[in-house]
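Please open the structure in your viewer and keep the sequence panel beside it. This tour goes from one selection to the next and says what can be found at each stop.

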Amino acid sequence: LQEQAKDSHVSDIIDVYEQKLSAFASKESRLQDLLEAKALALSQADRLIAQYRFQRAQAEADACKLGCLLKEAERRREDLQSELSGQVLEVERCKADMEELLQHNARLQKDSEEHQSLKGAYNALLNRFNESERLLKELQAAHISLTKQSDTLRKNQEALTLQHEKMASVLEEREQEIRSLRADLQQKNSDIT
């Protein structure tokens, strides 16, 4: 009976140790699973960190490139602005020259009208041809002088008309260039924006 009691006691102890060993094995399995999950998480974290560093380096390179492009566009805009200012000044000078030519043309027109008036007086003097031979000679001399003056004025007027047409053509070309430059400038500003 004592031996049976001892065997029963040993069997109980063995059962207790088996239960503890089973519990330890279960805990070890869970710890192993946790270690594998942690290793996987660390691997994913490393990949994410490497991807982040790559994307950050790429973003910095893109930012540097965009900065260079922005500086170049700003420099180009300043060049175009300077060129446009020069063109505007040139157009203003052309307008002033054209205004002066128009005033000169008006003076020539007035001179032409005076010439026509003088021709009328000359014709009136011709009608008095029978009154005096001396008056006729004086009127003929005046007629020759006025005719030369008329030819000179006509030539000057033709030359000034041609010059006026050339200046008008140059002015139109300048205005077209200015419009084109303004359109380019607006496009560059739009691209920069």
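Begin by selecting Tyr-17 and Lys-20 together, and turn the view until you look down on the ring: in this predicted model, Lys-20 lies over the face of Tyr-17, at 6.0 Å from the ring centre. If you then look for aromatic rings that pair with one another, the count for the structure comes to 0 aromatic pairs.

Now zoom out until the whole chain is in view. How many helices and strands does the chain have? There are 2 helices and 0 strands, and the radius of gyration is 53 Å, well over the 16 Å that the globule rule gives for 193 residues, so the chain is more spread out than a compact globule. A box drawn along the principal axes around the C-alpha atoms would have sides of roughly 190 × 20 × 15 Å.

With the chain still in full view, switch on the surface, whose accessible area comes to about 15,700 Å², with 54% of it belonging to carbon and sulfur atoms. Of the 193 residues in the chain, 10% are buried, and several of the next stops are buried residues.

Select Asp-62 next, which you will find in helix α1, a helix that takes in residues 2-127. Asp-62 is partly exposed, because its relative accessible area is 42%. Add Lys-38 to the selection and draw a line between the two C-alpha atoms: Asp-62 and Lys-38 are 24 residues apart in sequence, and the line between them spans 35 Å.

Keep that picture in mind and move to Leu-108, which also lies in helix α1. Leu-108 counts as buried, because its relative accessibility is 7%. Now select Leu-153, which is 45 residues from Leu-108 along the chain, and you will see that their C-alpha atoms are separated by 7.2 Å. Which residues does Leu-108 touch, once those up to four places away in sequence are left out? They are Leu-153, Asn-156, Gln-157 and Leu-160.

Two further stops can be viewed in a similar way, beginning with Gln-87 in helix α1. Gln-87 counts as buried, at 14% relative accessibility, and, leaving aside neighbours within four places in sequence, it is in contact with Arg-174, Glu-177, Ile-178 and Leu-181. The other is His-115, whose place is in helix α1 as well. His-115 is buried, with a relative accessible area of 9%, and it touches Leu-146 and Ser-150 when residues up to four places away in sequence are not counted.

These stops can be set beside a value for the chain as a whole: among its contacts with a separation of 6 or more, 85% are between residues 24 or more positions apart.

Finally, select the cysteines and show their side chains. A disulfide is a covalent bond between the sulfur atoms of two cysteines. A search of the whole structure finds 0 disulfides. Cys-68 is in no disulfide, and the nearest cysteine sulfur, that of Cys-64, is 4.5 Å away. The cut-off for a disulfide is a pair of sulfur atoms within 2.5 Å, so the distance of 4.5 Å from Cys-68 to Cys-64 does not qualify. Is Cys-94 buried or exposed? Cys-94 is buried, with a relative accessible area of 6%, whereas Cys-68 is partly exposed, with a relative accessible area of 49%.

Technical notes
Residues numbered from 1 in each chain as written. Predicted model: local features only at pLDDT ≥ 70, side-chain atom pairs only at ≥ 80, totals over all residues. Heavy atoms only, no water. Buried < 20%, exposed > 50% of the residue type's maximum accessible area, 1.4 Å probe, protein only. Phe/Tyr/Trp six-rings, centres within 6.5 Å; stacked < 30°, edge-to-face > 60°. Lys NZ or Arg CZ within 6 Å of the ring centre and 35° of its normal. Helix = DSSP H or I, 4+ residues; strand = E, 2+ residues; numbered from the N terminus. Contact = heavy atoms within 4.5 Å. Rg over C-alpha atoms; globule rule 2.2 N^0.38 Å. Areas by Shrake-Rupley, 256 points an atom, 1.4 Å probe, with all protein chains shown as cover.
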